[in-house]
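Here is a protein chain to read feature by feature. A learner asks, and a teacher answers.

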Amino acid sequence: MKFVLSTIAGVESIAKKEIEKQWWKIEEVIDRLVTFSGKKELIANVNYWSRVGNKLYLLMWEADNITDFDALFDLVKWINWKQIFKKDFPIYVKSSSIRSELFSARTIQSIWKKAIVKSLVGERWIVNEDENLQKAEILILIIDNKARILLNTSGNALHMRWYRTQAWDAPIKESLAAALVLLSNWRFKENFYDPFCGSWTIPIEALMIAKNIAPWLKRAFAFEKLWLLDWETSENLRALARKKTFDWDYTIMGSDIDPEMVELAKENAGRAWLAWEINFERKDFKEYLDKELYWTLVSNPPYWERLKEEDLKWMYNNIDKLFRLNPELKGWIISSFMEFDWLIKKDTYKKRKLYNWGEKCYFWRRK
Ligand SMILES: C[S@@+](CC[C@H](N)C(=O)[O-])C[C@H]1O[C@@H](n2cnc3c(N)ncnc32)[C@H](O)[C@@H]1O
């Protein structure tokens, strides 16, 4: 079987490592997509374990040089849809086209409908365009004239973790928070700080990584409803994943100036059953300036929404100062405040481009 895991831009290499950890062969890594092949058990394992993935798709068919609608029609028609949809499941189709001759989403979708109705003719299948209905989601993706027909095995996107039912003030995407912790090379037995922790996304993801908690054991997936894997196998793999948790003491510290955030953060961590394992304080960032800090800091400081330009400059100057005062501190911050580059000595930082909810950011690392 062939699979495609979609990701946010910039974290494809981490998604690749996640899949290699499951001992499967990567076929291709392109912008926001990792293609790999393996046994059907991967459907459960990648959905349970992927921290940075967005959706896991089954690759149903692919072909190069799809430059006219007849070729697309044939491609869709020849898939054995009856074998895939064992139940009379409503089907929903999305399409996306990048740098290709076929680009009209509307026409691609109408071609698809004609082709599938033709192959399922006489059956009780429903092609339904209501996004809120439970349904099988097909994605027709055309990139550089190569068409891929993909079946979503995840259902809702994997970045929407169960513990975060509410957040305010620019929460970071959960899958991005996990990617930052992985990129920081934090050694789990060393102190970890997030001095702008908001709803606690980064500390919670850090603790789940350190404890090897699979992020996705407590939710339903599309693959279960579509019977892509039998119930016993998926439950056995779920039970196996639960047993892989390590129990160790970690020093993870989160703080934020906003008292409402403190309450919200505690609720989130409580839902993740991790509340008592993270040291959390209400604290102004500047209180760190007269403390000695060691090991790893990963944080997402405020940017444009709430602060005035001079306050932002003050804040980011002090972030740089904190790193200068603490040479033992490995420091990473993610921000879309591009002016940070003007405030620092550039050769003391490295940066990596990432996207948070589609907005361009940099992840600056003090060298
Ligand atoms: C971009 S948000 C962080 C969001 C967080 N990563 C999350 O996922 O919820 C920035 C946070 O910095 C906090 N903040 C602003 N000024 C601060 C200061 N001087 N000291 C500490 N925290 C501050 C805000 O309350 C806000 O929660």
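The dialogue below goes from the whole chain to its domains and then to the ligand.

Q: How many helices and strands are there in the protein chain?

A: Begin with what kind of model this is: it is predicted. The protein chain has 12 helices and 15 strands.

Q: How does the radius of gyration of the protein chain relate to the globule rule?

A: The rule gives a value to compare with, based on the number of residues. For 367 residues that value is 21 Å, and the protein chain has a radius of gyration of 23 Å, close to it, so the chain is as compact as a globular protein of that length. The C-alpha trace spans about 75 × 45 × 35 Å along its principal axes.

Q: What share of the residues is buried?

A: A residue is buried if 20 or more other C-beta atoms lie within 10 Å of its own. In the protein chain, 41% of the 367 residues are buried. As for contacts with a separation of 6 or more, 76% of them join residues 24 or more positions apart.

Q: Which domains does the assignment give, and where do they lie in the chain?

A: Domain 1 covers 2-152, and domain 2 is made of 174-211 + 247-366. Their C-alpha centres are 36 Å apart. Contacts link 9 residues of domain 1 with 10 residues of domain 2. On the domain 1 side, the touching residues are 5 nonpolar, 3 polar and 1 charged.

Q: Which residues come nearest to the ligand?

A: Of the 21 residues around the ligand, these are Phe196, Gly198, Ser199, Thr201 and Phe285. The shell divides into 13 nonpolar, 4 polar and 4 charged residues.

Terms used
Residues are numbered from 1 along each chain as its sequence is written. This is a predicted model: local features need pLDDT of at least 70, side-chain atom pairs count only at pLDDT 80 or more; totals for chains, interfaces and linings use all residues. Helices (H or I, at least four residues) and strands (E, at least two) are DSSP runs, numbered from the N terminus. The radius of gyration is taken over C-alpha atoms; the globule rule is 2.2 Å times the number of residues to the power 0.38. A residue is buried if 20 or more other C-beta atoms lie within 10 Å of its own, exposed if 12 or fewer, and partly exposed in between; C-beta atoms are placed from the backbone. Two residues are in contact if their C-beta atoms, placed from the backbone, lie within 7 Å. Domain bounds come from an automatic or database domain assignment. Ala, Val, Leu, Ile, Met, Phe, Trp, Tyr, Cys and Pro count as nonpolar, Asp, Glu, Lys and Arg as charged, and the others, Gly among them, as polar. A residue is near a molecule or strand if its C-beta atom, placed from the backbone, lies within 6 Å of it.
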